[in-house]
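Let's take a walk through this one together. Keep the viewer open and follow along as we go.

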Amino acid sequence: MNNFSISQLAQFSGIKAHTIRIWEQRYSTLKPNRTDGNTRYYDDEQLRRLLNIVSLSSINYKVSDLSRMSDNELFTLVSDTNNVEEENGQANYFISQLISAGMSYDEAGFEKMFSHCLLHFGLKDTYLKVLYPLLVRLGFMWSSDKIPPTHEHFISNLIRQKLFTAIDSIQASEATSDTWVLFLPENEFHEIGLLFANYLLRSNGKKTIYLGTNVPLESVITLLNNSAIENVLLFFVHHDFPEEIKNYLTQLSNEFKGINIFVSSHQIFTKQLGKINKVSFLHSVEELEKQLIHA
């Protein structure tokens, strides 16, 4: 069983610690445990209770009413809630429930909630409105060593499975032009964004060559030298030293002057890189879609 501070609960739920304390005082929403030194902490069951309350409160249930319910009553209400009308409420509801399922390694619950996401949003908006914010929230917790990596890996791999299934459902293009190579450079392993880009490209009839994670530059150069490739798309998530990445991209650009090179990374980081000849930076799904329109 894991133990969490109130600040960790705030990061998982998206609810400020001050608000959680008010809910405790007014409604007895949670009942924290105490260490021998009288420090408050929360366990897995309390985290899941909070996430259920946050989910239901985002679709217009009152916190005061929810706080009077038992954990089983909350779980039943969540399970019976299939119709969510307000869009922002939908997204917050699904984010909290997917995290809740992931934190308890509840694959069946995750599957059910993910299916509801797809029915409400479709895959593209599920990624933009639910999965990406969820991963940002988890990534912050994981990178600051606030949760065991197993939770982040469990949730990430379930999402990867869903994206692979969606990609596999699209018939591979037989086009002989406008081919895209997708990969993550060495020491880059967070591929969910790259997988979604692969789905988006294939949905638009593009031929893709998906190389995956941690690909040596020499392997990419060999491929590009021996195949007719028009576009390369790579992601930088890990963010190495800017000068090293700039040298990497400059080498790639110099090797293949006739190929369009697209790089996805955080806008703050790409500003540090500056302009690189023949390299275009993409900071959103919309920017990638614009490239598809003009291609």
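What follows is a short tour, going from a set of strands to a few individual residues.

Before you zoom in, keep in mind that this is a predicted model. A good place to start is strand β6, which covers residues 260-264. How many of its residues are buried? The count is 4 of 5, so β6 is mostly covered, with buried taken as under 20% relative accessible area.

Now look at what sits beside β6. Strand β5, residues 231-235, runs parallel to β6, and 5 bridges join the two. If you want a specific pair to click on, try Phe-235, whose bridge partner in β6 is Ser-264. β6 also pairs with strand β7, residues 279-282; that pairing is parallel too, with 4 bridges. Here the pair to pick is Phe-262, which stands opposite Ser-280 in β7.

How does the chain get from β6 to β7? Helix α12, residues 267-273, belongs to the connection: β6, α12 and β7 together make a β-α-β unit, and its hand is right-handed.

Next, some backbone angles. Most residues other than glycine have a negative phi. With that in mind, have a look at Tyr-105, where phi is near 55°, a positive value in a non-glycine residue. Tyr-105 lies in a loop, with α6 (87-103) on one side and α7 (107-143) on the other. Is Tyr-105 buried, exposed or partly exposed? Its relative accessible area is 42%, and because partly exposed spans the range between 20% and 50%, Tyr-105 lands in that class.

Asn-214 is another residue to check on a phi plot. Its phi is near 55°, again positive and again in a residue other than glycine. Asn-214 is placed in a strand, namely β4, residues 207-215. With a relative accessibility of 31%, Asn-214 counts as partly exposed.

The last stop brings us back to Tyr-105 by way of a histidine. His-151 lies in helix α8, which spans residues 149-168. Its relative accessible area is 1%, and since anything under 20% is called buried, His-151 is buried.

Which residues does His-151 touch, leaving out those up to four places away in sequence? They are Asn-2, Gly-102, Met-103 and Tyr-105. So the positive-phi tyrosine from the loop turns up again here, as a contact of a buried histidine. Gly-102 deserves a distance check as well: it is 49 residues from His-151 along the chain, yet their C-alpha atoms are separated by 6.4 Å.

Note on methods:
Residues numbered from 1 in each chain as written. Predicted model: local features only at pLDDT ≥ 70, side-chain atom pairs only at ≥ 80, totals over all residues. Heavy atoms only, no water. Buried < 20%, exposed > 50% of the residue type's maximum accessible area, 1.4 Å probe, protein only. Pairing = 2+ DSSP bridges. Right-handed = clockwise from strand over helix to strand, strands pointing away. Contact = heavy atoms within 4.5 Å.
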